[in-house]
Amino acid sequence: MKYLLFIVIYALLWCVSKLPFKVLYLLSNVFYFLIYKVVKYRVKTVRYNLELTFPQLSSIERKEIERKFYIHLCDLFLEMIKTITISPKELDKRFVFKNVELMKTYEQKQKSIILMLPHYGNWEWVIGLGQHLEFKGFGIYKALKNKHFDKLFRDIRSRFNAELIDTHHTTGAIRENQAKGLYGVYLFLSDQTPLLREKLHWEPFMGIDVPIHMGAEVLARKLNMNILYLKVDKVKRGHYEATFSEITDDIKNEPKYKPTRMFLDKVEEQIKAVPEYYFWTHKRWKHKDQKDQFKTK
């Protein structure tokens with residue numbers, strides 16, 4: 001029964017993915033009205049997050065950010081579906097990597113690379129980077145419960161010289177690759193909320209103390225990997241530009257937490273410049289009052 005449901009949903013998604021972009025964004029406009037105006041999907045969460053992080057703005061200004069965010073959210077949803085059948089040439093046209101030469105320089109250092117980025121712009125289309133790399137591209141993700149959709153997720157990304165690694169197997173997979181002499185670029189989306197547990201590290205994010213994912217920095221230190229940041233800018237509807245910048249190429253001599261702090265600073269800079277393209281539906285600040293219960297390392 002689950003497989004039958006998968007076939008039906010996949011067929012529908014495939015048909016949508018074949019639509020021209022002009023039609024796709026007309027459909028996105030319809031979704032915007034339904035999701036934002038009718039269903040009001042997570043509007044309370046978005047409004048709360050914006051009030052918390054932009055208290056200096058008026059309610060009218062925050063409402064405008066909110067409105068633009070939902071337009072972008074619906075675009076993003078349709079663009080994710082489009083990934084099923086988008087050609088490599090079309091993806092390169094719509095998602096441009098501005099300074100791939102920095103990545104090439106880091107590849108020459110003969111060390112695997114951690115690429116950190118937030119849920120900003122269109123992080124799904126970053127998979128197009130695999131077409132520009134000498135190294136193998138890997139995305140760190142949480143496996144889907146439905147094995148059919150999980151396989152679909154993996155298959156889509158394998159079209160662009162990328163492979164997914166479940167979060168539970170990350171360290172082992174990287175160690176195995178290194179033992180084989182296989183250098184890789186490992187993509188980490190590191191801005192969301194970790195599960196609460198003892199000895200979490202907390203940092204200010206948009207002026208509010210929150211628990212922080214430390215996985216990327218911990219792995220870089222353990223396995224001697226370099227770290228880059230990828231800044232994704234939305235140029236216009238359906239078009240993005242991505243720019244690499246350095247976090248560290250000498251992890252062993254970096255103070256503890258500094259690479260993670262640098263990552264957060266870069267994310268904050270992006271959000272403050274153009275806030276509507278951040279993933280505001282996530283409850284990023286839901287644990288802000290629980291720091292005393294979960295002591296910092």
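**Entry 1: the pocket.** I started with the second largest pocket and looked up who lines it: H4 gives the largest share, six residues. Note to self: this is a predicted model. I then checked which elements give two or more residues to that lining, and they are helix H4 (59-82) and helix H7 (147-158). In total, 21 residues line the second largest pocket. Which of them lie nearest its centre? I got Leu76, Phe77, Met80, Ile81 and Phe153.

**Entry 2: space and character.** I looked up the room in there, and the second largest pocket holds about 450 Å³ of space. Next I sorted its lining by residue type: 17 are nonpolar, two are polar and two are charged.

**Entry 3: the sheet.** How many strands form the open sheet, and in what order? I found seven, running S1-S9-S8-S2-S5-S3-S4, with mixed pairing. At the edges I have strand S1 (95-97) and strand S4 (162-166), and each pairs on one side only. From one strand to the next, the twist averages 30°.

**Entry 4: one strand pair up close.** I zoomed in on strand S8 (residues 226-236) and strand S9 (residues 239-248). They pair over nine bridges, in the antiparallel sense. I also looked for a partner for isoleucine 227, and opposite it stands threonine 248 in S9.

**Entry 5: back to H7.** I had already met H7 in the pocket lining, and here it is again, packed on the sheet. H7 touches strand S3 (136-141) and S4. I noted the angle too: the direction of H7 makes about 145° with that of S4.

Terms used
Residues are numbered from 1 along each chain as its sequence is written. This is a predicted model: local features need pLDDT of at least 70, side-chain atom pairs count only at pLDDT 80 or more; totals for chains, interfaces and linings use all residues. Side-chain values use heavy atoms; hydrogens and water are left out. On a 1 Å grid over the protein atoms alone, a cavity is a set of points where a 1.4 Å probe fits but cannot get out, and a pocket is an open set with protein on both sides within 12 Å along at least five of seven lines; lining residues have an atom within 4 Å of a point. Grid points are joined across faces, edges and corners, and a volume is the space filled by probe spheres set on the points. Helices (H or I, at least four residues) and strands (E, at least two) are DSSP runs, numbered from the N terminus. Ala, Val, Leu, Ile, Met, Phe, Trp, Tyr, Cys and Pro count as nonpolar, Asp, Glu, Lys and Arg as charged, and the others, Gly among them, as polar. Two strands pair if DSSP finds at least two bridges between them. Axes are lines fitted to C-alpha atoms, for helices over the stretch in contact, and angles run from 0 to 180 degrees between N-to-C directions. Contact means heavy atoms within 4.5 Å.
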